[in-house]
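Here are a few exercises to try with the model open beside you. Have a go at each task before you read its solution.

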Amino acid sequence: MSDEIKPDALLDKIDYKTPTTDWMSTSSVQIRPGMYCYSANPKSLDTLDMPYSRKWNPLEEDWKLPENWQEIIHEGLKTRLERFRTFRVFMDICVRCGACADKCHFFLGTGDPKNMPVLRAELLRSVYRNDFSTAAKILNKFPGGKSFSGSRSMTLDVLKEWWYYFFQCTECRRCSVFCPYGIDTAEITIMGRELLNLLGLNIDWIATPVSNCFQTGNHLGIQPHAFKDMIDFFTEDIEEITGVDVDPQINKKGADILFITPSGDVFADPGTYTCQGYMILFKYLKDKYDLNVTWSTYASEGGNFGFFTSHETMKRLNAKMYAEAKRLGVKWILGGECGHMWRVINQYMDTMNGPADFLEEPVNPITGTKFENAKSTKMVHICEFTADLIKHDKLEMDISRNDNLVLTYHDSCNPARGMGLLDEPRYIINKTCKEFYEMPENTIREKTFCCGSGAGLNAGENIELRMAGGLPRANAVKYVHEKFGVNSLCCICAIDRAAFPALMEYWVPEVDVIGIHELVGNALILEGEHKRETDLRMEPLPGVEQTKEEDDE
Amino acid sequence: MNQKYLVPLAVVFLLFLVAYTGVEGAGLQGFFGIFVPYAAVVAFFGGFFYRVTKWARSAVPFRIPTTCGQQKSLPWIKQNCIDNPNTGTGVFLRMVLEIFLFRSLFRNTKAAFNRSEKNELTYSWEIFLWVGALAFHYAFLTVIIRHLRFFIEPVPGWIKFLEYLDGIAQVGLPGLFLSGVVLLAAVLFLLARRIYDNKVSHISLAADYFPLFLIIGITISGISMRYFTKVDIMGIKELTMGLVTFNPVIPEGISGLFYGHVFLVSILFAYFPMSKLMHMAGIFLSPTRNMANNNRAVRHINPWNYDVKVHTYEEYEDDFREKMIEAGLPVDKKE
């Protein structure tokens with residue numbers, strides 16, 4: 001990290017003035033360390049029988065491409081134009097009005113014009129016009145015709161440019177909110193990455209989690225016994241804090257509900273505290289209402305890096321959720337706090353791997369609430385579930401335990417723009433803590449800014465890209481930090497919880513990152529618990545130290 | 001960069017001159033007054049149909065609306081029925097607002113970064129593109145509807161009423177139509193934005209300037225005919241009625257300016273289906289706007305959904321059975 005670019009140096013580089021040169025002619029891309037991710041480990045591609053696995057280095061001239069790579073791209077484009085109306089329409093109708101230009105966090109953080117969503121799409125469109133537009137083909141016969149029609153042949157430079165910039169997009173869809181035709185750059189990036197994957201050009205931070213997820217059930221490659229070890233470890237911690245053994249159930253047949261969350265929650269701080277929050281909630285529901293929730297080691301990943309690879313890979317990884325629910329014979333599935341996981345569940349899962357006719361329409365047995373909005377997919381977001389419990393006054397809580405928190409809330413891109421889960425988490429926050437301040441209006445809800453590390457870009461080697469891309473979000477946090485003394489950034493996404501600590505340390509060092517169910521876990525009063533002295537992070541609860549001193553006197 | 005707009009500008013000039021001199025010099029009234037308009041209309045409808053059917057033939061495998069507000073979930077949480085619709089009615093309203101009022105463009109903001117002690121990124125509401133776009137489209141629509149008077153005899157009352165509204169300023173003789181002025185102003189604004197706004201200029205292609213110059217050419221030639229050169233309006237109506245009733249005639253004495261105007265309009269019609277102007281139809285088919293966010297409630301079918309190879313639980317248990325048993329995890333097969 002020592003050669004990392006300093007915040008001031010990064011800020012000095014920001015300049016929204018675009019160069020006077022033509023973007024099409026600057027085709028020799030400078031792939032710069034700090035801005036790109038390492039290429040995929042060939043072994044990881046082999047796990048899923050992905051084509052052209054090989055060792056290659058993005059910085060080298062020769063990418064060791066198959067001989068007919070241009071043909072593969074052309075055929076790949078053609079197939080996708082037929083399969084996806086989004087893709088075909090979005091290739092044709094952009095008027096380049098520029099409304100999206102300054103909506104992308106990567107553009108705002110880097111000033112690189114090719115990070116304007118419109119140009120990111122034009123990288124692909126220029127080849128589309130060259131290969132598939134009759135008008136452009138006629139024009140291209142005249143001298144200067146290519147420049148007039150905006151077409152480019154598929155050269156190695158263009159391919160490298162694709163690779164560089166399609167892995168500088170987090171598929172957050174913010175641009176799509178502002179586009180008058182709803183053109184969604186996420187969709188373009190998804191297609192671009194699918195095409196690159198046809199040539200074995202994935203990045204390792206995606207390919208290896210995908211391979212792990214396929215083989216062991218989760219991105220981190222945690223094997224079943226190690227997964228249980230982690231859960232046991234949390235159980236011990238919770239017992240130390242509360243005096244209660246929460247006794248989680250794993251792979252339990254005949255449970256009422258299967259719970260699936262991103263493996264990041266089980267493995268990496270501060271997600272682990274959110275995980276403990278889930279465990280406390282499930283114990284509470286079991287003791288008080290006899291509701292049985294089980295975890296699974298086979299379906300131990302809520303996230304889906306297949307989504308960042310190809311539609312097919314997404315389907316292959318997602319299949320485990322329904323398969324495991326069927327095997328365990330549960331009634332319905334509950335999903336943890338995660339971003340892209342919920343885009344996949346809300347907009348793809350039922351279509352890809354449904355119908356889930358072996359499950360029941362989800363009903364909260366404690367409140368009687370029917371989750372009408374999930375009656376076909378049969379999967380409920382834990383924020384919908386918990387908000388319902390709190391609304392019906394089914395949870396006994398001591399929210400003074402969260403009194404040292406001054407919160408703001410980050411809407412994760414996918415639940416915001418691919419689902420619309422906006423007020424459920426806010427409701428829970430307001431019911432579990434006292435001080436909550438919103439960030440400025442243009443940076444929240446459907447206009448929320450990405451953490452800068454989503455869609456598989458949360459690697460270490462591209463740290464400059466991540467810090468630059470996260471700047472708009474961090475800048476808004478800094479605003480509420482300075483104005484209201486906000487000390488905690490709350491979020492409902494495992495990638496956020498993995499990415500934000502580094503981002504905050506870089507831009508707003510005094511702000512911590514916290515999940516919603518960590519708030520719930522802190523506040524819930526378990527049956528038979530002893531007086532808690534610390535929160536789930538083993539830090540003294542508000543007022544505790546003081547009381548101790550008073551006791552001493 | 002200059003040639004990106006200089007070439008289209010020159011092309012539009014040239015096109016106008018071709019028609020003007022073709023008529024005034026070579027007497028090709030029949031070609032420019034009958035053949036070209038017919039061909040352009042055929043190209044327009046044929047191309048339009050071809051392009052839309054091509055879009056429609058592409059599958060819609062997933063329901064992926066961009067949600068811009070609160071989803072429908074628990075009964076006591078207020079849903080944003082328009083920006084995050086879960087019903088057909090909601091989608092319809094969303095599309096109506098999008099198509100008639102450019103709702104998404106209305107949200108437009110402008111970002112600015114202030115490198116100072118505070119290093120603040122700020123976002124301000126940017127309304128001008130929305131105003132310019134709305135003015136342009138509605139003025140153009142009004143102009144087109146007004147022109148229907150050349151193709152219908154007798155002229156229906158509602159067109160006359162529209163003309164009355166359009167001329168309500170009651171300036172000059174013949175009375176000034178606001179739509180023409182607004183159209184010219186709006187299109188010049190859009191052009192200026194393309195040339196002088198740093199970012200927009202960088203992303204613009206020649207294909208973005210060409211239709212702007214074409215429309216400017218059409219507007220200027222139209223305005224000069226009405227207010228300055230005073231063309232033979234009766235003759236023109238005879239010609240246009242001939243076209244629309246498939247009894248084409250070329251009356252004497254119509255100025256070359258008119259043929260230049262018609263030629264540019266014809267080029268616009270023919271160019272339309274092969275260009276970005278097809279956004280007019282595309283917006284209706286944009287899956288991020290025209291679909292309901294009800295995927296968890298109503299299953300969407302992917303017509304090309306195919307089976308994929310998965311890693312089954314049985315295979316997984318085979319890989320890890322011993323470790324699972326040792327850790328006390330339940331297994332399906334004991335050995």
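**Exercise 1: two domains in one chain**

How many residues of domain 1 of chain A are in contact with domain 2 of chain A, and how many on the other side? Then work out what the contact is made of.

*Solution.* Keep in mind that this is a predicted model.

Step 1. Start with the bounds: the domain assignment of chain A gives domain 1 as 7–30 + 51–201 and domain 2 as 209–523. Their C-alpha centres lie 32 Å apart.

Step 2. Count the contacts: 30 residues of domain 1 of chain A touch 32 residues of domain 2 of chain A.

Step 3. Put an area on it. About 2500 Å² is buried between the two domains of chain A, and carbon and sulfur atoms give 65% of that. On the domain 1 side, A:L10, A:R173 and A:R174 lose the most area to domain 2, together 23% of what that side buries.

Step 4. Turn to the polar side of things. Between domain 1 and domain 2 of chain A there are eight residue pairs in polar contact, and the salt bridge count is one. The side chains of A:E464 and A:K13 meet in a salt bridge, at 2.7 Å from N to O.

Step 5. Find the elements. On the domain 1 side, α1 (7–13), α5 (105–110), α10 (174–178) and α11 (185–197) of chain A each give two or more residues. The largest share, seven residues, comes from α11(A). Sorted by class, this side of domain 1 has 15 nonpolar, six polar and nine charged residues.

**Exercise 2: thread the sheet**

What is the strand order in the open sheet of five strands in chain A, and which strands are at the edges?

*Solution.*

Step 1. Go across the sheet: the order in chain A is β1-β3-β2-β4-β5, with parallel pairing.

Step 2. Check the ends. β1 (249–250) and β5 (379–381) of chain A each pair on one side only, which makes them the edge strands.

Step 3. Zoom in on one pair: strand β2 (residues 257–260) of chain A runs parallel to strand β4 (residues 332–335) of chain A, and four bridges join them. For a register mark, use A:L258, which stands opposite A:I333 in β4(A).

**Exercise 3: chain against chain**

How many residues does each chain give to the contact between chain A and chain B? Describe the interface from there.

*Solution.*

Step 1. Chain A gives 124 residues and chain B gives 99.

Step 2. The area buried between chain A and chain B is about 9500 Å², with 57% of it from carbon and sulfur atoms.

Step 3. Now the charges: nine salt bridges cross this interface. One pair to look up is A:R96 with B:D208, whose side chains meet in a salt bridge at 2.7 Å, N to O. The polar contact count between the chains is 78 residue pairs.

Step 4. Ask which element of chain A leads. Helix α17 (residues 340–353) gives the largest share of the side that touches chain B, nine residues. By class, that side of chain A has 54 nonpolar, 30 polar and 40 charged residues.

**Exercise 4: backbone oddities**

Where do the cis peptide bonds from A:D269 to A:P270 and between B:E153 and B:P154 fall?

*Solution.*

Step 1. The bond from A:D269 to A:P270 is cis, with omega near 0°. A:P270 is in the loop between α14 (264–267) and α15 (271–289) of chain A.

Step 2. B:E153 and B:P154 are joined by a cis peptide bond too, with omega about -5°. B:P154 is in the loop between α5 (128–147) and α6 (157–166) of chain B.

Terms used:
Residues are numbered from 1 along each chain as its sequence is written. Chains are lettered from A and ligands numbered from 1 in the order in which they are written. This is a predicted model: local features need pLDDT of at least 70, side-chain atom pairs count only at pLDDT 80 or more; totals for chains, interfaces and linings use all residues. Side-chain values use heavy atoms; hydrogens and water are left out. Domain bounds come from an automatic or database domain assignment. Contact means heavy atoms within 4.5 Å. Buried area is the accessible area (1.4 Å probe) that two parts lose on being put together, summed over both. A salt bridge is a side-chain nitrogen of Lys or Arg within 4 Å of a carboxyl oxygen of Asp or Glu. A polar contact is a pair of N or O atoms within 3.5 Å; within protein, one must be able to donate a hydrogen and the other to accept it, and residues adjacent in sequence count only if both atoms are side-chain atoms. Ala, Val, Leu, Ile, Met, Phe, Trp, Tyr, Cys and Pro count as nonpolar, Asp, Glu, Lys and Arg as charged, and the others, Gly among them, as polar. Two strands pair if DSSP finds at least two bridges between them.
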